[in-house]
Amino acid sequence: QVQFVESGGGLAQAGDSLRLSCAASGRTAFRYAMGWFRQAPGKEREFVAAISWSGTNRAYADSVKGRFTISRDIGENTVYLQIDSLKREDAAVYFCAAKSIYSAATWYYTKDYEYSEWGQGTQVTVSS
């Protein structure tokens with residue numbers, strides 16, 4: 001079984017940068033496409049960013065394009081979410097998600113129901 005653990009959240013000011021990490025442990029021999037989602041209080045969980053297993057293809061929600069960057073280090077079994085120009089509306093619990101794949105190394109996935117593995121989340125709080 002594989003576990004995914006997020007880190008890097010915390011309190012930041014609007015305009016700051018944060019780097020979230022999602023590290024996989026356990027049976028990491030599987031190949032995974034990865035995604036980041038977030039959920040703010042009183043709101044539904046929403047898609048933020050996704051990356052293919054190959055790392056060559058990425059997708060972003062319109063609200064974060066140009067400010068967020070998703071990347072991965074396959075050797076380190078870690079996926080990152082670089083957040084720049086932080087906004088108050090970015091405050092949420094951020095979750096990484098994984099979808100095991102057997103082919104389609106260049107595909108990414110933007111729907112939460114497509115993912116089978118989830119981390120516990122890391123809180124991002126933004127002060128003005």
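# A walk through an all-strand chain

Start by selecting Ser 7 and Ser 21: these two are bridge partners, with Ser 21 on the β3 side. The model on your screen is a predicted one, so treat this tour as a look at a prediction.

**The strands around β3**

Now widen the selection to residues 2-7, strand β1, and residues 18-26, strand β3. These two strands pair in the antiparallel sense over 6 bridges.

Next, add residues 78-83, which form strand β8. Here too the pairing with β3 is antiparallel, and 6 bridges join the two strands. To find a spot along this pairing, pick Leu 18 and look across to Ile 83 of β8, which stands opposite.

**Back to Ser 21**

Return to Ser 21, in strand β3. Is this residue buried or exposed? Ser 21 counts as buried because its relative accessible area is 16%, and the cut-off for buried is under 20%.

Which residues does Ser 21 touch, leaving out those up to four places away in sequence? Select Val 5, Glu 6 and Ser 7, then Thr 78, Val 79 and Tyr 80, and finally Trp 36. With β1 covering residues 2-7 and β8 covering residues 78-83, you can relate these contacts to the strands you have just selected.

**On to Trp 53**

Move to Trp 53, in the loop between β5 (46-51) and β6 (58-60). Its relative accessible area is 18%, so Trp 53 is buried as well.

Show its contacts, again setting aside neighbours within four places in sequence. You will find Phe 30, Arg 31, Tyr 32 and Ala 33, along with Arg 72 and Ile 74, and also Ile 101, Ala 105 and Trp 107.

For a sense of distance, draw a line from the C-alpha atom of Trp 53 to that of Ala 12: the separation is 30 Å, with the two positions 41 residues apart along the chain.

**Zooming out**

Finally, show the whole chain and colour by secondary structure. There are 11 strands and 0 helices. The C-alpha trace spans about 45 × 25 × 25 Å along its principal axes. The radius of gyration is 14 Å, which agrees with the value near 14 Å that a compact globule of 128 residues would have.

Switch on the surface: the accessible area is about 6700 Å², and 45% of that belongs to carbon and sulfur atoms. Of the 128 residues, 41% count as buried.

Colour by charge for a last stop: the mean positions of the 14 positive and 13 negative charges lie 3 Å apart.

Definitions and conventions: Residues numbered from 1 in each chain as written. Predicted model: local features only at pLDDT ≥ 70, side-chain atom pairs only at ≥ 80, totals over all residues. Heavy atoms only, no water. Pairing = 2+ DSSP bridges. Helix = DSSP H or I, 4+ residues; strand = E, 2+ residues; numbered from the N terminus. Rg over C-alpha atoms; globule rule 2.2 N^0.38 Å. Buried < 20%, exposed > 50% of the residue type's maximum accessible area, 1.4 Å probe, protein only. Areas by Shrake-Rupley, 256 points an atom, 1.4 Å probe, with all protein chains shown as cover. Lys, Arg positive; Asp, Glu negative; His and termini not counted. Charge placed at Lys NZ, Arg CZ, Asp CG, Glu CD. Contact = heavy atoms within 4.5 Å.
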